[in-house]
2 protein chains.
Amino acid sequence: MALGAEWKARLYGNDSATPARGGRKPVTSRAELEHVAFDLFAAQGFEATTVDDIARAAGIGRRTFFRYFPSKNDIPWGAFDEQLDQLRTDLRAYPVDQPLMDVVRAALVDFNRVPAAEVPWHRRRMALILQVPALQAHSTLRYANWRQVVAEFVAERLDQPVDALGPQTIAYATLGVALASYEQWLRDESQDLAALMAAAMTGLAESFTGVRTT
Amino acid sequence: MALGAEWKARLYGNDSATPARGGRKPVTSRAELEHVAFDLFAAQGFEATTVDDIARAAGIGRRTFFRYFPSKNDIPWGAFDEQLDQLRTDLRAYPVDQPLMDVVRAALVDFNRVPAAEVPWHRRRMALILQVPALQAHSTLRYANWRQVVAEFVAERLDQPVDALGPQTIAYATLGVALASYEQWLRDESQDLAALMAAAMTGLAESFTGVRTT
DNA sequence: TAGAGTAATGGCACTCGGTGCCGAATGGAA
DNA sequence: TTCCATTCGGCACCGAGTGCCATTACTCTA
C-alpha cells in the first residue's frame with residue numbers, strides 16, 4: 001500500500017538524465033492505461049472493473065499492469081506527487097510579508113487550477129476519487145504527502161517544527177477546505193473551483209470570528 | 001467496504017428490545033476478538049497478522065470472524081458508530097446562544113474524552129488507526145459519518161443545507177483538528193488530549209486573524 | 001552482422017481479504 | 001420431544017497484489 005521508493009523512480013518519468021542505453025521499449029504508458037481504465041470505469045463502474053479487464057482492454061498482461069500502477073486504486077492519481085514539488089515551490093514564491101493564511105489560500109487555489117480543456121477529465125478523475133469508497137479511503141494516503149508540503153511551509157513561517165500541532169492542524173484544515181470545495185464543485189457543474197476554495201477558506205475564517213483566541 | 005445496513009443491526013448490540021427468542025449463543029464477542037487481535041498486532045504487527053491467525057487464536061472459524069467484523073480493518077473501531085449518536089445529542093445540548101465554533105470545540109473535546117483507565121487501550125487503538133497505512137485509509141470511511149454529524153449541526157445553526165459549502169468545510173476542518181491533536185497526543189504520552197484539541201482549535205482560529213473575511 | 005547487455009513483458013503460482021452457500025450445531029419455546 | 005431461530009464454520013470462489021523467471025525486444029559494440 002505504502003508506495004515504495006522504487007515507484008517514485010519508476011512511475012514518474014525517466015528522471016530526466018537517464019541514459020536508458022538499451023532494452024525493450026515499454027508497450028504502453030500510464031496515460032494510456034489511465035484512459036483505457038477510465039472508459040471501463042465509466043461503462044461498468046470502478047468496483048465492477050477488474051484489473052484483468054483493464055489489462056485485456058489495453059492488450060497487456062495483468063502482471064504488466066502492476067508495473068505501471070502500484071495498485072488499481074492509484075489509477076486516478078496521475079502524476080500527483082510530481083505536482084507536489086510545484087506546490088512546494090509556489091508556496092515560497094509569495095512575499096514573506098503576505099499573511100500566512102492568505103498565502104496558503106492562494107497556493108491552494110493555484111494548485112488546483114486546471115486548463116479549461118482538461119476540466120471535464122479532471123471532473124471524472126475527482127468524481128472517482130471523492131465518490132468511490134475504495135478510492136476515498138486510498139486517497140488519504142496520497143493526501144498525506146500534500147499535507148506534508150503545506151505543513152512544512154507553515155512550520156517555516158511560524159518557526160515551529162513540522163510535526164508541531166500548529167502546522168499540522170493548518171495542513172489538515174486546508175485539506176478539508178479543498179475537499180469540501182471539490183465536493184461542491186462536483187455537485188454543480190456551473191461553479192468555479194477556485195472561487196469555491198476561496199469562499200470555503202474565508203468562510204472558515206469567518207466562522208471563527210468571536211472565538212476566544214486566548 | 002461500505003458497511004451495509006445489516007451490520008448496523010448485527011454489530012452494534014442487540015438493539016435493546018430485541019426479543020432474541022431462541023437460537024444458538026454467540027461463541028465469542030467483538031470485544032474478545034478485539035482483544036485477541038490487539039495482542040497479535042502488538043506481537044507481529046497489523047499487516048503480518050492474518051485473519052486466519054486471529055480466528056485461530058480466538059478458537060473460531062475464519063468465516064465466523066467475518067460475522068463479528070465486516071473487515072480486518074474494522075477491528076480497531078469498536079462501537080464508534082454508536083458513539084456518534086451521543087455526539088449528535090451532545091451538540092444540541094449546548095445553549096443556542098453559545099457561539100458555533102465554541103460549541104463544536106467543546107463537543108469535540110467531550111467526544112474524545114475517555115476514562116483514565118481506558119487511556120492506554122485508547123492509545124493503542126488510535127496508534128493503529130493513525131499509523132498503519134491500511135487503517136489510515138480505511139478510517140476515512142468511518143470519519144465520514146462523524147463529519148456528517150458535525151455538518152448537520154452546523155447546517156442547522158447556519159440555516160443552510162447539510163451539504164452546503166459552509167457546514168462541510170467546518171466539518172472537515174474540525175476533523176482535521178481532531179486528527180492533528182491525536183497525532184500529537186500519540187507522540188507525547190504526557191500531553192492531555194482535551195487540551196491539545198482546544199489548543200489546535202484556537203490555534204487555527206488565530207491563524208485566520210487578519211484574513212479578510214469579505 | 002553476430003553477439004552482448006539491458007530493460008520490459010507476461011505467465012505461473014501463491015498469499016490474503018472477503019463473500020455466497022449450505023449443512024451442522026445449539027438452545028429456547030411449545 | 002419437536003419445532004424454530006440463530007450461530008457456526010467448512011468449502012469453493014473471486015479479486016488484488018507479489019515473487020520468480022523465462023522470454024522478448026531493443027541498443028550498442030566487436
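1. A polar side-chain atom of Arg63(A) sits 2.6 Å from a base oxygen of DNA strand D. That is a polar contact (a pair of N or O atoms within 3.5 Å; within protein, one must be able to donate a hydrogen and the other to accept it, and residues adjacent in sequence count only if both atoms are side-chain atoms). Two further pairs go through the protein backbone. A backbone N or O atom of Arg24(B) is 3.1 Å from a base oxygen of strand D, and a polar backbone atom of Val51(A) is 3.1 Å from a phosphate oxygen of strand D. Helix 4 (62-68) of chain A and helix 4 (62-68) of chain B are the elements giving two or more residues to this surface. Helices here are DSSP runs (H or I, at least four residues) and strands likewise (E, at least two), numbered from the N terminus.

2. Basis of the note: this is a predicted model, where local features need pLDDT of at least 70 and side-chain atom pairs count only at pLDDT 80 or more, while totals for chains, interfaces and linings use all residues. Residues are numbered from 1 along each chain as its sequence is written, chains are lettered from A and ligands numbered from 1 in the order in which they are written, and side-chain values use heavy atoms, with hydrogens and water left out.

3. Which residues come nearest to DNA strand D? They are Arg62(A), Arg63(A), Val27(B), Arg67(B) and Tyr68(B), out of 26 around the strand. Near means a heavy atom within 4 Å. The surface has 10 charged, 9 polar and 7 nonpolar residues. Asp, Glu, Lys and Arg count as charged; Ala, Val, Leu, Ile, Met, Phe, Trp, Tyr, Cys and Pro as nonpolar; the others, Gly among them, as polar. Of the strand D atoms within 4 Å of the protein, 57% belong to sugar or phosphate, the rest to bases.

4. UniProt (unreviewed entry) lists "DNA-binding region" at residues 50-69 of chain A. This span is 75% helix and 0% strand, with end C-alpha atoms 14 Å apart. The record also gives "domain: HTH tetR-type" for residues 27-87 of chain A. Such annotations may be inferred rather than shown by experiment; feature names are shortened and positions follow the numbering used here.

5. Chain A splits into domain 1 (5-71) and domain 2 (77-207), by an automatic or database assignment. Their contact (heavy atoms within 4.5 Å) takes 9 residues from domain 1 and 14 from domain 2.

6. A 180° rotation with 0.0 Å of shift along its axis superposes chain B on chain A, RMSD 0.1 Å. That is the relation of a two-fold axis. The fit is by least squares on C-alpha atoms of residues with pLDDT of at least 70 in both.
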